[in-house]
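Student: I have a structure to read and want to learn how. Can we go through it together?

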Protein chains: 2
Amino acid sequence: MFDKFRNNFPLTDEKWNEYIGCFNRIEVPAKTTLLEEGEISKKLFVIEKGCIRVWFNHNGKDLTSQFFFENQSVSSIESFIKKFPSPVFIETIEPSILWWIHKEDVDTILEEVKEIPELRDRLIDMLFQRTFDYMKHFFSFIKDTPAQRYQSLIEEKPQIVQRVPQHYIASYLGVTTVHLSRIKSKLLQK
Amino acid sequence: MFDKFRNNFPLTDEKWNEYIGCFNRIEVPAKTTLLEEGEISKKLFVIEKGCIRVWFNHNGKDLTSQFFFENQSVSSIESFIKKFPSPVFIETIEPSILWWIHKEDVDTILEEVKEIPELRDRLIDMLFQRTFDYMKHFFSFIKDTPAQRYQSLIEEKPQIVQRVPQHYIASYLGVTTVHLSRIKSKLLQK
DNA sequence: TTCATTTAATAACAAATGTTATCGCCTGCC
DNA sequence: GGCAGGCGATAACATTTGTTATTAAATGAA
């Protein structure tokens with residue numbers, strides 16, 4: 001699972017193996033809850049196979065805010081980093097193969113790895129990237145119609161459209177399932 | 001301007017004065033453009049007095065994405081950090097007193113300051129905070145109606161409602177000026 | 001397989017929001 | 001003080017989106 005990343009990291013083999021050894025492999029069915037709302041997140045997940053969504057409950061409605069696929073890492077970032085109760089649920093969509101690591105191990109690794117400027121810069125870069133992604137998604141809510149957001153989704157994140165049930169996509173785009181259905185049928189007419 | 005922050009930073013007086021000396025004070029009227037779309041941002045601004053908005057043009061519409069007030073720092077973050085052409089304009093709303101610093105000076109300071117773990121951690125913390133703010137604002141677009149978003153704005157960021165012209169607030173909330181007017185008059189009826 | 005459950009499409013109607021136009025009030029400027 | 005232009009309220013109408021209900025298709029479990 002992790003071998004393909006090996007040459008991206010300027011570490012001794014010894015250190016590398018020590019870090020990799022902290023990860024645990026699990027296989028879980030679809031609709032498995034990995035983190036409950038209110039819980040303090042103690043695990044970071046990496047997806048080997050499958051797909052995960054982050055969602056929250058608002059007045060009884062199930063609202064999805066993010067999707068994750070193979071090779072992405074997933075956590076409730078506020079909860080994991082700041083030890084706040086998680087505002088969100090994390091749940092598998094498909095049967096999945098995951099690797100998880102304890103927060104304590106992540107902290108230890110980060111503490112050691114900070115001394116390596118290349119890695120430190122890459123971590124800061126990842127943080128920025130996450131922020132930019134949020135900004136981009138957020139902008140689309142100010143400037144685009146739901147139909148345009150769906151069109152962008154098809155173009156930019158086809159995995160979501162192909163692998164995720166439609167009612168999750170609807171709330172992700174900020175519309176009802178009925179309206180997403182209408183958007184799709186209008187697209188087909190053209 | 002910066003004296004009130006002095007005791008927050010574990011630096012020698014000499015270093016502190018060197019860093020503060022990099023800032024330049026300017027006074028500008030309302031509606032002054034500080035950064036054009038497409039330009040690469042080379043300045044970071046700190047607001048001593050006044051108020052600033054970040055906006056972009058979408059199909060001829062003026063869409064505001066952020067507001068900033070006293071003691072906040074402002075830049076087109078993607079452009080300033082990554083040297084991309086800025087996707088946004090930055091403009092004063094009120095006549096303002098600003099302090100600006102060159103990107104090169106920021107880079108130099110950051111390079112030196114990274115060696116101080118307290119500061120480094122605080123910088124990373126600020127990055128996270130920015131991300132959390134975006135996430136929160138973004139969530140409100142999925143879960144709340146425009147009327148609810150306006151209500152939250154009154155409660156959580158009263159400065160915006162008090163000091164910013166209404167047509168800027170409208171696009172910030174993702175509605176037309178006409179609809180924001182309706183929202184306000186409905187609130188008064190209750 | 002069969003049956004129950006989940007998921008998606010559609011229709012009819014209701015509510016929210018956008019568009020265009022008009023009016024009045026300020027504010028800054030001469 | 002008077003005037004022009006910017007700003008905000010409101011009305012009438014158009015369009016978009018939500019709600020509820022129904023049906024059909026797909027999926028999963030026994």
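Tutor: We will take the DNA surfaces, then some features within the protein.

Student: What should I know about the model and its numbering?

Tutor: This is a predicted model: local features need pLDDT of at least 70, side-chain atom pairs count only at pLDDT 80 or more, and totals for chains, interfaces and linings use all residues. Residues are numbered from 1 along each chain as its sequence is written, chains are lettered from A and ligands numbered from 1 in the order in which they are written, and side-chain values use heavy atoms, with hydrogens and water left out.

Student: Which residues come nearest to DNA strand C?

Tutor: Start with the cut-off: a residue is near a strand if one of its heavy atoms lies within 4 Å of it. Here 17 residues are around DNA strand C, and A:Q166, A:H167, A:S181, B:P146 and B:R182 come nearest. Of the strand C atoms within 4 Å of the protein, 66% belong to sugar or phosphate. The rest belong to bases.

Student: Which polar side-chain atoms lie by a phosphate oxygen of strand C?

Tutor: A polar contact is a pair of N or O atoms within 3.5 Å; within protein, one must be able to donate a hydrogen and the other to accept it, and residues adjacent in sequence count only if both atoms are side-chain atoms. For DNA strand C, a side-chain N or O of A:Q166 is 2.6 Å from a phosphate oxygen. The side chain of A:S181 places a polar atom 2.8 Å from a phosphate oxygen. For B:H179, the distance is 3.1 Å.

Student: Which elements give two or more residues to that surface?

Tutor: Elements here are DSSP runs, numbered from the N terminus: helices are H or I with at least four residues, strands are E with at least two. Chain A gives α7 (166-173) and α8 (177-189), and chain B gives α8 (177-189). The largest share, 5 residues, comes from α8(A).

Student: How do the residues near strand C divide by class?

Tutor: Ala, Val, Leu, Ile, Met, Phe, Trp, Tyr, Cys and Pro count as nonpolar, Asp, Glu, Lys and Arg as charged, and the others, Gly among them, as polar. The surface near DNA strand C has 5 nonpolar, 7 polar and 5 charged residues.

Student: Which residues are closest to DNA strand D?

Tutor: Strand D is surrounded by 17 residues, and the closest are A:P146, A:R182, B:Q166, B:H167 and B:S181. Sugar and phosphate make up 67% of the strand D atoms that come within 4 Å of the protein. Three phosphate distances are worth checking. A polar backbone atom of A:T176 is 3.3 Å from a phosphate oxygen of strand D. A polar side-chain atom of A:H179 is 3.0 Å from one. For the side chain of B:S181, the distance is 2.6 Å. On this surface, α8(B) has the largest share, 5 residues. The classes are 5 nonpolar, 7 polar and 5 charged.

Student: How many disulfides does the structure hold?

Tutor: A disulfide is a covalent bond between the sulfur atoms of two cysteines. The test is a pair of cysteine sulfur atoms within 2.5 Å. The structure holds 0 disulfides over all chains.

Student: Why does B:R6 count as buried?

Tutor: Buried means under 20% relative accessible area, exposed over 50%, and partly exposed in between (1.4 Å probe, protein chains only). B:R6 counts as buried because its relative accessibility is 19%. The residue sits in the segment before α1 (13-20) of chain B. Its side chain makes a polar contact with the side chain of B:D13 at 2.9 Å.

Student: Is B:S79 buried or exposed?

Tutor: B:S79 is buried, at 0% relative accessibility. B:S79 lies in α2 (residues 77-82) of chain B. Its side chain reaches the backbone oxygen of B:F84 at 2.7 Å.

Student: How many residues of α7(B) are buried?

Tutor: In α7(B), 6 of its 8 residues are buried. Among them are B:Y168, B:I169 and B:L173. Just after this helix, B:G174 takes a positive phi of about 85°.

Student: In what order do the strands of the open sheet in chain B run?

Tutor: Two strands pair if DSSP finds at least two bridges between them. In chain B, 4 strands form an open antiparallel sheet in the order β1-β8-β3-β6. The edge strands are β1 (24-28) and β6 (73-74), each pairing on one side only. Antiparallel pairing joins β1(B) to β8 (residues 96-102) over 5 bridges. Within that pairing, B:N24 stands opposite B:W100 in β8(B).
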